[in-house]
Each structure stands twice: as structure tokens, then as C-alpha cells.
Amino acid sequence: MSAKANSLKEEGNKHFQDGDYKTAEMLYGKAIQQDSQNPKLFTNRAMTRLRLQSWEPCIDDCLRSIALDKTNNMKGYYYLAQAQLALHHPNEALNSAMTAYHECLKTNNSSTRNVSQLVLQAKKEKWEAKERERIRRRSALLAELEEELRRKMGTELRKVDIMCEGQEETSDAREEREEVEVTWRRKIEELRSVFAIADAGLQEREVPDYMIDNISFCVMHDPVMTKNGRSYERSTILEHLRRSSTDPLTRDPLTTADLRPNLALKQACAEFLEQNGWAVDY
């Protein structure tokens, strides 16, 4: 980095720390003009644009930073995922967050826990988008089926009217009309009940205990096992080991080399979260 670019970056850092994000953004932009091949300058400006909620310019900076450095750019992917989530693009955000997460694991980055939470948030918002679409389709289907039942009821009522046409309305005719209406209205209520029961089944909110991390008490998405066979969320056990090189349960010596992926549980958690995104906030 040139001396001029570095000076502008440092000045931008000071304004960022003071909460003057607009000035920081401007100074990082000037630093980029001095050194447009430095990926860190783009991530600095992207971070500032996140604070300013300038989502699309932030995404542009992240992509330019990643284009300059694809293999060692955790911040670029991390900021990119946050901006994508803000624009309600959960599928893209999940891909970006997972890339940032894997970059964190390579270096045992202290931000692993935050990135892990972003992964879960993206999974939740992905599920919420699917759930909104399911509800929309469910409502459309229910309305369509109700309309068909009402159409059939109308057809039967018209048949009754045709049979009685030209005659004075009798109590038998009135009873027949009422019977037709009651029969079809009951079918409509039964239809609504079926849909309500199906929705109630989807709304059962319980997370299996074995999917809950025993440190953070949150649902896991990347579980690992310790030597005694107990599973923890990778990011939380790594954070624990930065403070203490002991097993959180037994207090026996434990290092990151002792951790093993629990692939079966990871798959189970992934499948559960795919269908139950609400569990992120359980």
C-alpha cells in the first residue's frame, strides 16, 4: 500500500471509530483512488457502508475486494452476507456466510462465533421466505377449493329452483333449499378445518435436546465431538478453548486437535433447520 493510501486509510479509521461514517467512507474512497488493487481498502469502505445501510454499494465493494483476493477474504464475504440479508436475498447470503465461516475456521478467527450466528440467521430467513410462499400458496389453494364448493352449492340450488319454477314456494321447497345450503356450508367448514389442522401440525415448536449446544443453548449447525463423545457447536467450543484448554464438562485437558466433526448430527441439524427455521431463535 502506498504511503498516501495508508495515510488516508488511517484517517478514515479514526473517523469510523468516532462514528463519522460519511467522512470515513469518503476517505476510504480517496485511499482506493491511490491504490485500487488493495482488497482491504474495499472491505474497509464496505464496513462503513454497512453502518450507513448503503447495501448495494456495500455489496459492490465486497465483490471488488473478493475479486482481488478470493482465498483469504473472510471480511469480504462476511460483510457481503450481511448486506445480502438486508436486501432479503437469504440464499445468496447463506452462501457468502458459509464461505466466511470456513475462512474463519482456517485461521481460528475470533469472529467465528459471530459468523456462525450469521449463518444461522441466513438459514432462518431462507426458511421464512419459503414459509411465506407456502402460506401464500396455501391461501390460494384454500380459496380455490372453497370457490369450487360454493359453485357446486349454487348449481344444486339452481336445480331446486328449476324444479319449483312456476309453483308457489312451499315449506318443502324451503326445507330442500336449506338442506342443500347446510350440506355445502358444512363441507366448506370441514375443508377449512383440514387446512387448520395441517397448519397446527406445522406449528409444533420443539427442538430435540440432542441438537442443542450445551454452552450457548442454541441449535447447532456445525457440531463437533470432544474426546468424551459430547457434541458442541464448533464456534462455541472454539471460543471456550481460547479461554481455557479444558473440556467444559469434565475439565480434562482439551485442545482443538481433539475435536472431531459429528457428521451424522450435522446432517440431522441441517435437515431440521431446512424445515424449521424458527429454531434459530429457540
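Two strands pair if DSSP finds at least two bridges between them. Keep that in mind for the small sheet. One caution before we start: this is a predicted model.

So, the sheet. Strand S1, residues 223–225, and S3 pair in the antiparallel sense, over 2 bridges. Two bridges is what the rule asks for, so S1 and S3 count as a pair. Where does Met225 stand? Met225 is opposite Arg260 in S3. Now the whole sheet. It has 3 strands, it is open, and the order is S2-S1-S3. The pairing is antiparallel. At the edges are strand S2, 231–233, and strand S3, 260–261. Each edge strand pairs on one side only.

Next, salt bridges. How many does the structure hold? There are 18 salt bridges. Side chains of opposite charge can pair when their charged atoms come close. I will take three of these contacts.

First up, Asp61 and Arg49. Their side chains meet in a salt bridge at 3.0 Å, N to O. This pair links distant parts of the chain. Asp61 sits in helix H4, residues 55–68. Arg49 sits in helix H3, residues 39–51. The two are 12 residues apart. Buried or exposed? Both Asp61 and Arg49 are buried. And they have partners. Lys22, Glu25, Arg45, Arg49 and Asp61 are linked in a network of salt bridges.

Now helix H8. Arg192 forms a salt bridge with Glu189, and the closest N and O atoms are 3.0 Å apart. Both residues lie in H8, 3 residues apart, about one turn of the helix. How exposed are they? Arg192 has a relative accessible area of 32%, so it is partly exposed. Glu189 is at 43% relative accessibility, so it also counts as partly exposed.

On to helix H9, residues 234–243. The side chains of Glu239 and Arg243 meet in a salt bridge, 3.6 Å from N to O. Glu239 and Arg243 are separated by about one helical turn, because they are 4 residues apart in H9. Their exposure classes need a look at the cut-offs. Exposed means over 50% relative accessible area, and buried means under 20%. Glu239 has 25% relative accessibility, so it counts as partly exposed. Arg243 has 61%, so it counts as exposed.

Back to H8 for the surface. Which residues form the negative patch? They are Asp172, Glu175, Glu176, Glu178 and Glu179. Take Glu179 as the example. Glu179 lies in helix H8, residues 171–202. Its relative accessibility is 55%, so Glu179 counts as exposed.

Last topic: backbone angles. Two residues to check, please. One is His88. Its phi is near 65 degrees, a positive value in a residue other than glycine. Where is His88 found? His88 is in the loop between helix H5, 74–86, and helix H6, 90–107. With a relative accessible area of 63%, His88 is exposed.

The other is Phe217. Phe217 has a positive phi of about 60 degrees, although it is not a glycine. Its place is in the loop between H8 and S1. Phe217 is exposed, with a relative accessible area of 55%.

To recap. The sheet runs S2-S1-S3 and is antiparallel. Asp61 and Arg49 are buried, and they belong to the salt-bridge network with Lys22, Glu25 and Arg45. H8 carries the bridge between Arg192 and Glu189, and Glu179 of the negative patch lies in H8 too. His88 and Phe217 have positive phi values. Questions, please.

Definitions and conventions:
Residues numbered from 1 in each chain as written. Predicted model: local features only at pLDDT ≥ 70, side-chain atom pairs only at ≥ 80, totals over all residues. Heavy atoms only, no water. Patch = residues over 30% accessible without salt bridge, like charges linked within 9 Å, V, L, I, M, F, W, Y side chains within 5 Å. Areas by Shrake-Rupley, 256 points an atom, 1.4 Å probe, with all protein chains shown as cover. Salt bridge = Lys/Arg side-chain N within 4 Å of Asp/Glu carboxyl O. Lys, Arg positive; Asp, Glu negative; His and termini not counted. Charge placed at Lys NZ, Arg CZ, Asp CG, Glu CD. Buried < 20%, exposed > 50% of the residue type's maximum accessible area, 1.4 Å probe, protein only.
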